[in-house]
Amino acid sequence: QTNATWQDGFQFGDPTDLTWNLVGQHFIMDVKGTRDDPNPLLTLSTDNGAIIVDDTTQRVIHFNVSDSDIQAALPIGRYVYDLVMYDGSVPPVRVVLMGGKVEVCQGVTEE
């Protein structure tokens, strides 16, 4: 909602599978009106602090986007996104972890 902080958390893979982890990985997620839009409306990343890696072994991340950032970048509506994990190699190895649609609704409580 327009009055809420975006704090969703995600765990990737089977929690008992220790064959891979998030050590040395970075994340970026662009939110756009459509896939064809040349510029994102909002970018979340580990570099800008909007994506936080909580546990590298259990592969847990969460988003940290304030309500004011959402209000400034995303008017009420539906958007598309994809979340990409990449490493520090040159060129970086990129893996799309998930993608889909996100909807921003008008909040009721305003303070």
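Two strands count as paired if DSSP finds at least two bridges between them. With that in hand, the predicted model can be walked through sheet by sheet. A good place to start is Gly-9, which stands opposite His-62 in strand 5. This pair belongs to the contact between strand 1 and strand 5 (residues 60-63), two antiparallel strands joined by three bridges.

Strands 1 and 5 are part of an open sheet of three strands, arranged in the order 1-5-4 with antiparallel pairing. Its edges are formed by strand 1 (9-11) and strand 4 (51-55), each of which pairs on one side only. From one strand to the next, the twist in this sheet averages 25°.

The model also holds an open sheet of four strands, again a case of antiparallel pairing, with the order 3-2-6-7. Here the edge positions go to strand 3 (42-45) and strand 7 (94-104), and each of these pairs on one side only. Neighbouring strands of this sheet are turned by 15° against each other on average, direction ignored.

Within the four-stranded sheet, strand 2 offers a convenient point of reference. Strand 2 (residues 26-32) pairs with strand 3 in the antiparallel sense over four bridges. Two residue pairs help to locate this pairing in the structure: Ile-28 has Ser-45 of strand 3 as its bridge partner, and Asp-30 stands opposite Thr-43 in strand 3. Strand 2 is also joined to strand 6 (residues 77-86), by seven bridges, and these two strands run antiparallel. On that side, Met-29 finds its bridge partner in Leu-83 of strand 6.

Met-29 and Leu-83 turn up again in the packing of the interior. The largest nonpolar core has 23 residues, and those touching the most other members are Trp-6, Met-29, Val-31, Leu-44 and Leu-83. Two or more residues each come from strand 2, strand 3, strand 5, helix 1 (67-73), strand 6 and strand 7. Strand 6 gives the most to this core, namely four residues.

Val-31 is a helpful residue from which to look around. Leaving aside residues up to four places away in sequence, Val-31 touches Trp-6, Pro-40, Leu-41, Leu-42, Leu-44, Leu-74, Tyr-79, Val-80, Tyr-81 and Val-102. Among these contacts of Val-31 are Trp-6 and Leu-44, both of which are also listed with Val-31 among the core residues that touch the most other members.

How values were computed: Residues are numbered from 1 along each chain as its sequence is written. This is a predicted model: local features need pLDDT of at least 70, side-chain atom pairs count only at pLDDT 80 or more; totals for chains, interfaces and linings use all residues. Side-chain values use heavy atoms; hydrogens and water are left out. Axes are lines fitted to C-alpha atoms, for helices over the stretch in contact, and angles run from 0 to 180 degrees between N-to-C directions. A nonpolar core is a set of buried Ala, Val, Leu, Ile, Met, Phe, Trp, Tyr and Cys residues joined through side-chain atoms within 4.5 Å. Buried means under 20% relative accessible area, exposed over 50%, partly exposed in between (1.4 Å probe, protein chains only). Contact means heavy atoms within 4.5 Å.
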